[in-house]
Amino acid sequence: MEHKTVTAPGAPAAVGPYCHAKLCGDTLYCSGQLGLIPATGDLAEGVEAQAKQALDNLGAVLEAAGMNYTSVVKTTVFLTDIADFSAINTIYANYFSAHPPARSCVQVAALPKGGLFEIEAIAVK
């Protein structure tokens, strides 16, 4: 099956040799999004601001593929401190309210650029 590279003008540039997402048939595989501010490439300040920005960045990727948050069927959230789990859930629920996707959330030792939050997603048209 052929796949298409998705580049989102409203999302920050990748920080490595990867693309924003790949569309394979009706399924979109989104690379992890950090809380990077697209205009500057800087991280937003604090885990809550990074979570909001990363989710906004994910929204830009979804939009570039003709999808939105309701298209998301699975996410993986990476936190550098699992103690932020509750605060992140509150923010996450604002983006995925009515029918939230399946999700995994794990604590990691570190994220690129010193990030505190990262999210990757799979979406289906």
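Start by selecting residues 47-64, which make up helix H1 in this predicted model. Why is the distance between its end C-alpha atoms no surprise? At 1.5 Å a residue, the 18 residues should span 26 Å, and the ends are 25 Å apart, so the two values agree.

Keep H1 selected and color its buried residues, which include Val47, Ala51, Leu55, Leu58 and Leu62. Now show what the buried residues of H1 pack against: strands E1 (3-6), E2 (21-24), E3 (27-34), E4 (72-79) and E6 (117-124), plus helix H2 (85-95). Just after H1, click on Gly66, where phi is positive, near 75°.

Next stop, the largest nonpolar core. It has 29 residues, and those touching the most other members are Leu28, Cys30, Leu58, Leu62, Phe96, Phe117 and Ile119. Two or more residues come from each of E2, E3, H1, E4, H2 and E6. Which element gives the most? That's H1, with eight residues. In general, nonpolar side chains tend to be buried together in soluble globular proteins.

Zoom in on Phe96: leaving aside residues up to four places away in sequence, Phe96 touches Leu55, Leu58, Tyr69, Val72, Thr75 and Pro101. Apart from the largest core there is another one, of five residues, including Leu34, Leu36, Phe78 and Val108.

Last, select the cysteines. How many disulfides does the structure hold? Zero. Take Cys24: the closest cysteine sulfur, in Cys19, is 12 Å away, so that is too far for a bond. Cys24 is partly exposed, at 25% relative accessible area. Then hop to Cys105, which is in no disulfide either, with the nearest cysteine sulfur, in Cys30, 18 Å away. Cys105 also counts as partly exposed, at 22% relative accessibility.

How values were computed:
Residues are numbered from 1 along each chain as its sequence is written. This is a predicted model: local features need pLDDT of at least 70, side-chain atom pairs count only at pLDDT 80 or more; totals for chains, interfaces and linings use all residues. Side-chain values use heavy atoms; hydrogens and water are left out. Helices (H or I, at least four residues) and strands (E, at least two) are DSSP runs, numbered from the N terminus. The expected span of a helix is 1.5 Å times one less than its number of residues. Buried means under 20% relative accessible area, exposed over 50%, partly exposed in between (1.4 Å probe, protein chains only). Contact means heavy atoms within 4.5 Å. A disulfide is a pair of cysteine sulfur atoms within 2.5 Å. A nonpolar core is a set of buried Ala, Val, Leu, Ile, Met, Phe, Trp, Tyr and Cys residues joined through side-chain atoms within 4.5 Å.
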